[in-house]
Amino acid sequence: MSDPSSTEPPPERQAEFVAALTASYGKLHGYLMGILGRRHDAEDVLQRASVRMWQKFGDFAPGTNFVAWASTFCFYEAKNFLRLTARSPLRFDDDLLATLAGERLEDLPLRERRLDALEACFAKLEPPDQTLIRAAYLDDDAINTVATRMDRAPQTLYNRLYQLRRRLADCVQRQLSGGIS
Amino acid sequence: MKPDRRRLHHLFCAHGDGSISPEEHAELQDSLRNDAEARRLWFLHQDVDAGLQELATNSPLADAVAPSPHPETARRFAGSHLMTAAAALVLGFFSASFGFGFAGRSLDRTATLLHEGFESGPAPLATGVPPTPDQWSGDYSEIVRQFDGLRPGEGLRMARLLRSDYEGRIEPRPSRQGDLMRLIDVRPYLSEAKGADVVMTLSALFNAGPLPNSEHYNGMVTIYALGAETDLRGATEDSVKKDALAFSVGFSGETDRDPETWQTASTRLLLPPGAGKVMVKVSFCRMPLGGQSASSWPAAHAFTGHFVDEVRASIRIRESAGHASLPSPSRP
């Protein structure tokens, strides 16, 4: 059948955009996580921002820094998101948002190294702990299912999950600073 | 003064899962505003969170609550890379895509719309766009067990795409993409959402047998959000695209040449107001090499050994505490 995105711009621009976005998706998602702090929010904002980027892709100069260009769309879409969810207690104020956005761009080169380290740290966890983490991240309701199966209180597993994430964060930090994890 | 890491970690997690209290949120803001080390830990925490999501998503343990994965399955997925998550690109009728707002939330509800391992049920039709829900249709395909040593991602069966066309195809353009599609009625879920954001996710596993070096393929998943009254009788993919309120596409990245490893494509879409049905599509697309023109390819492409398995779709309603719960998910 026909290709999925053949209606708007010329195909060669679509391919170029998809390639640029695919290559930068992780960094842009990480950038938004650094501002918003919630995975699903970052995904939703990036979805909206990617549409804006697509609409303005004609302004992007090939060969320049796509992440830097795209991050401006992400930042303003994140601000829009926070403005629209102002009733939420989770909203950061504009000054903090700007601080996080600026520092996160500088911090982004560390992201890949952290993720590589995380893979190694995760591999060192006991299989039941790996399973618990996978369950929690694959399905929002999985902890309750696992708790029922194990005849344990969900809060016990949530507490365990928190501990594991903290251990992993510490392990990643040690690895990046050259320590032994 | 060094920040209290344990306390910060608690605040980060509480912020992430929506359980943070107003007092804790104020404390978190103060810490982040005034302490560069706290901000550095915040970034670290976010990267760990995103990385764990990728590890889970790229894992074979889609049924992660299972007590122990089959070791053979785990081995076959060992080739998955942490950082190969593909971009989800949302295109289509942008004004409609932007017409819905963000909802504050403190509780998410999810339900499974589809979990298809092709283990049972009728074979997919080769009649293009399915006009009615709960039936696979699309291009020529078949359900197979193992094929030339390539085994299903899960279970005993998988779908094999055969060609990039279907019975009676009349669309004028050449085709290099083989598709399987399924229509899902999401109205029961949307009626429960009562204005909250509804996010749909779709993923599938892709694998291919040994390929000529001259051929390159990408696995793709697509979600089309359609109006409740959209009539798909006689529809083509082009007309579906025109009728769609929004759609999103996710890519697996170029398919490797190792039949032992499966690759994942996933995407997600915020369903816009007015959506009542969704069309999910899983596809293999032949990619042109640099300088190569797809226009010189034949009108329809024959796939030598391209497989899809474990198609999963779920819906998430982001609602406020005390909101009605989702109806029981239906499985095909």
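The expected span of a helix is taken as 1.5 Å times one less than its number of residues. In the predicted model described here, this expectation can be compared with helix α2 of chain A, which covers residues 39-55. At 1.5 Å a residue, the 17 residues of α2(A) should span 24 Å, and the C-alpha atoms at its ends are 24 Å apart, which agrees.

The chain to which this helix belongs contains 8 helices and 0 strands, and read along the sequence it follows the pattern α-α-α-α-α-α-α-α. Of the 181 residues in chain A, 52% are buried. Among the contacts in chain A with a separation of 6 or more, 61% are accounted for by residues 24 or more positions apart. Helix α2(A) itself is mostly covered, with 15 of its 17 residues counted as buried.

Part of the surroundings of α2(A) is provided by helix α3 of chain A, residues 66-84, whose axis comes within 9 Å of that of α2(A) and crosses it at roughly 120 degrees. Two packed helices are described by the angle between their axes and the distance between the axes. Angles of 65 to 115 degrees count as roughly perpendicular and those over 145 as roughly antiparallel, and α2(A) and α3(A) are therefore oblique to each other. Their crossing is right-handed. On the side of α2(A), the contact is formed by A:D41, A:V45, A:L46, A:R48, A:A49, A:R52 and A:M53, which meet A:F66, A:W69, A:A70, A:F73, A:C74, A:E77, A:A78 and A:F81 in α3(A). By class, the residues of this contact divide into 11 nonpolar, no polar and 4 charged. An α-helix has 3.6 residues a turn, so residues three or four places apart point the same way.

Chain B combines both kinds of element, with 7 helices and 12 strands. Of its 332 residues, 57% count as buried, and among contacts between residues at least 6 apart in the sequence of chain B, 79% join residues at least 24 apart.

Helix α1 of chain B, residues 5-17, takes part in a contact between the two chains, since its axis and that of helix α8 of chain A, residues 154-176, come within 11 Å and cross at roughly 120 degrees. Helices α8(A) and α1(B) are therefore oblique to each other, and α8(A) passes α1(B) in a right-handed crossing. In this contact, A:Y162, A:R165, A:R166, A:D170 and A:Q173 in α8(A) meet B:R5, B:R6, B:H9, B:C13, B:A14 and B:D17 in α1(B). The residues of the contact of α8(A) with α1(B) comprise 3 nonpolar, 2 polar and 6 charged.

Within chain B, α1(B) also meets helix α2 of that chain, residues 22-34, and the two axes come within 10 Å and cross at roughly 120 degrees. That angle makes α1(B) oblique to α2(B), and the crossing of these two helices is left-handed. The contact is made by B:R7, B:L8, B:H10, B:L11, B:F12, B:A14 and B:H15 of α1(B) together with B:E24, B:H25, B:E27, B:L28, B:S31 and B:L32 of α2(B). Here the division by class is 6 nonpolar, 4 polar and 3 charged. Residue B:A14 appears both in this contact and in that of α1(B) with α8(A).

Individual residues elsewhere in chain B were also examined. Residue B:L161 is placed in strand β5, residues 158-163, and at 0% relative accessibility it counts as buried. The C-alpha atoms of B:L161 and B:E142 are separated by 6.7 Å, although the two residues are 19 residues apart along the chain. When neighbours within four places in sequence are left aside, B:L161 is in contact with B:Y140, B:S141, B:G178, B:D179, B:L180, B:S283, B:F284, B:F303, B:H306 and B:V308.

Two further residues of chain B have a backbone angle of note. Residue B:F118 lies in the loop between β2 (107-116) and β3 (137-138), and its phi is near 60 degrees, a positive value in a residue other than glycine. At 4% relative accessibility, B:F118 counts as buried. Residue B:E310, by contrast, lies in strand β12, residues 302-319, where its phi, again positive in a residue other than glycine, is near 50 degrees. At 9% relative accessibility, B:E310 counts as buried.

Note on methods: Residues numbered from 1 in each chain as written. Chains lettered and ligands numbered in written order. Predicted model: local features only at pLDDT ≥ 70, side-chain atom pairs only at ≥ 80, totals over all residues. Heavy atoms only, no water. Axes fitted to C-alpha atoms, helices over the stretch in contact; angles between N-to-C directions. Helix = DSSP H or I, 4+ residues; strand = E, 2+ residues; numbered from the N terminus. Parallel < 35°, antiparallel > 145°, perpendicular 65-115°, else oblique. Left-handed = near helix turned anticlockwise from the far one by under 90°. Contact = heavy atoms within 4.5 Å. Nonpolar A, V, L, I, M, F, W, Y, C, P; charged D, E, K, R; others polar. Buried < 20%, exposed > 50% of the residue type's maximum accessible area, 1.4 Å probe, protein only.
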